[in-house]
Amino acid sequence: MNDLIPNVTIKGEIKVADENIQSSKIDTVNLRKKVGMVFQQPNPFPFSIYDNVAYGPRTHGVKNKKKLDEIVERSLRQAALWDEVHDRLHKSALGMSGGQQQRLCIARVLAVQPEVILMDEPTSALDPISTAKMENLILELKKKLHHRYRDA
């Protein structure tokens, strides 16, 4: 994230799957597929709800509309947001509440099925109901990740 900021100095290594992500040889597009990030404040793109979630899969080559529709629905369901937005997928994400925007950002990360999800206090700006939904989602993700690597 700091590679485009002038005068930033980074020391040490950060490894994902034994690969130093600070290396100049790293493919950042592939890295962003492996590692997702959810920030403290929601940061939806100024697109529709659908296009926010479909952004990553499109970047990684998914062009089939039916497949994108499936990914968007699955990701929004996982983020406990589908029931609230399924009838306005093509409306701007910027019109959503803060809690909805944060869950949308989680759905956007989930859409590319990363190996690692980094979260910087993702519930700090949310109301208690949205916080509970986020905490349940994080616990579900933890269970799925545990099963994925236990069964591998």
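Select Ile-5 to begin, and you will find this residue in the segment before β1, the strand of residues 15-16, in a model that is predicted. Ile-5 is partly exposed, with a relative accessible area of 42%. Add Val-8 and Ile-10 to the selection, and with Ile-5 they make a nonpolar surface patch of about 230 Å².

Now show the whole protein chain as a cartoon. The chain holds 6 helices and 4 strands, and from the N terminus on its elements run in the order β-β-α-β-α-α-α-α-β-α. The radius of gyration is 16 Å, close to the 15 Å that the globule rule gives for 152 residues, so the protein chain is as compact as a globular protein of that length. Along its principal axes the C-alpha trace spans about 45 × 40 × 35 Å. If you colour the residues by burial, those that are buried make up 33% of the 152 residues. With a surface switched on, the chain exposes about 9,700 Å², and carbon and sulfur atoms supply 53% of that area. Among the contacts in the chain with a separation of 6 or more, 66% come from residues 24 or more positions apart.

Go inside next, and select Ile-49, Leu-76 and Leu-104. Of the 26 residues in the largest nonpolar core, these three touch the most other members. The elements that give two or more residues to this core are α2 (49-59), α3 (65-78), α4 (82-85), α5 (98-110) and α6 (128-150), and the largest share, 5 residues, comes from α5. Which residues does Leu-104 touch, not counting those up to four places away in sequence? They are Pro-44, Ile-49, Asn-52, Val-53, Leu-76, Leu-81, Ala-93 and Met-96, so that showing the side chains around Leu-104 also brings Ile-49 and Leu-76 back into view.

Follow the backbone to α2 and select this helix alone. Its buried residues are Ile-49, Tyr-50, Asn-52, Val-53, Ala-54, Gly-56 and Pro-57, and these pack against α3, α4 and α5. After α2 comes Gly-61, whose phi is positive, near 100°.

Two further backbone positions deserve a stop. Ala-80, in the loop between α3 and α4, has a positive phi of about 55° although it is not a glycine, and at 33% relative accessibility Ala-80 counts as partly exposed. Gln-113, in the loop between α5 and β4, the strand of residues 116-119, likewise is not a glycine and has a positive phi, here of about 50°. Is Gln-113 buried or exposed? At 52% relative accessibility, Gln-113 counts as exposed.

The charged side chains come next, and the structure holds 8 salt bridges. Side chains of opposite charge can pair when their charged atoms come close. Select Arg-77 and Glu-73, whose side chains meet in a salt bridge of 2.9 Å, N to O; both residues lie in helix α3, 4 residues apart, about one turn of the helix. Arg-77 is partly exposed, with a relative accessible area of 45%, and Glu-73 is partly exposed as well, at 28%.

Move on to Arg-103 and Glu-84, which form a salt bridge with their closest N and O atoms 2.9 Å apart. Arg-103 lies in helix α5 and Glu-84 in helix α4, so the pair ties together parts that are 19 residues apart in sequence. Arg-103 is buried, with a relative accessible area of 3%, whereas Glu-84, at 26%, counts as partly exposed.

Keep Glu-84 selected and add Lys-133, since these two also form a salt bridge, with the closest N and O atoms 2.9 Å apart. This pair links distant parts of the chain, with Glu-84 in helix α4 and Lys-133 in helix α6, 49 residues apart. Lys-133 is partly exposed, with a relative accessible area of 30%. Salt bridges that share partners join Glu-84, Arg-103 and Lys-133 into one network.

For the last stop, stay in helix α6 and select Thr-131, which has its place there. Thr-131 counts as buried at 15% relative accessibility, the cut-off for burial being under 20%. Leaving aside its neighbours within four places in sequence, Thr-131 is in contact with Thr-123 and Leu-126.

Definitions and conventions: Residues are numbered from 1 along each chain as its sequence is written. This is a predicted model: local features need pLDDT of at least 70, side-chain atom pairs count only at pLDDT 80 or more; totals for chains, interfaces and linings use all residues. Side-chain values use heavy atoms; hydrogens and water are left out. Patches are made of residues with over 30% relative accessible area and no salt bridge: like charges are joined within 9 Å, nonpolar side chains (Val, Leu, Ile, Met, Phe, Trp, Tyr) within 5 Å. Accessible areas come from the Shrake-Rupley method with a 1.4 Å probe; for residues, only the protein chains shown count as cover. A salt bridge is a side-chain nitrogen of Lys or Arg within 4 Å of a carboxyl oxygen of Asp or Glu. Buried means under 20% relative accessible area, exposed over 50%, partly exposed in between (1.4 Å probe, protein chains only). A nonpolar core is a set of buried Ala, Val, Leu, Ile, Met, Phe, Trp, Tyr and Cys residues joined through side-chain atoms within 4.5 Å. Contact means heavy atoms within 4.5 Å. The radius of gyration is taken over C-alpha atoms; the globule rule is 2.2 Å times the number of residues to the power 0.38.
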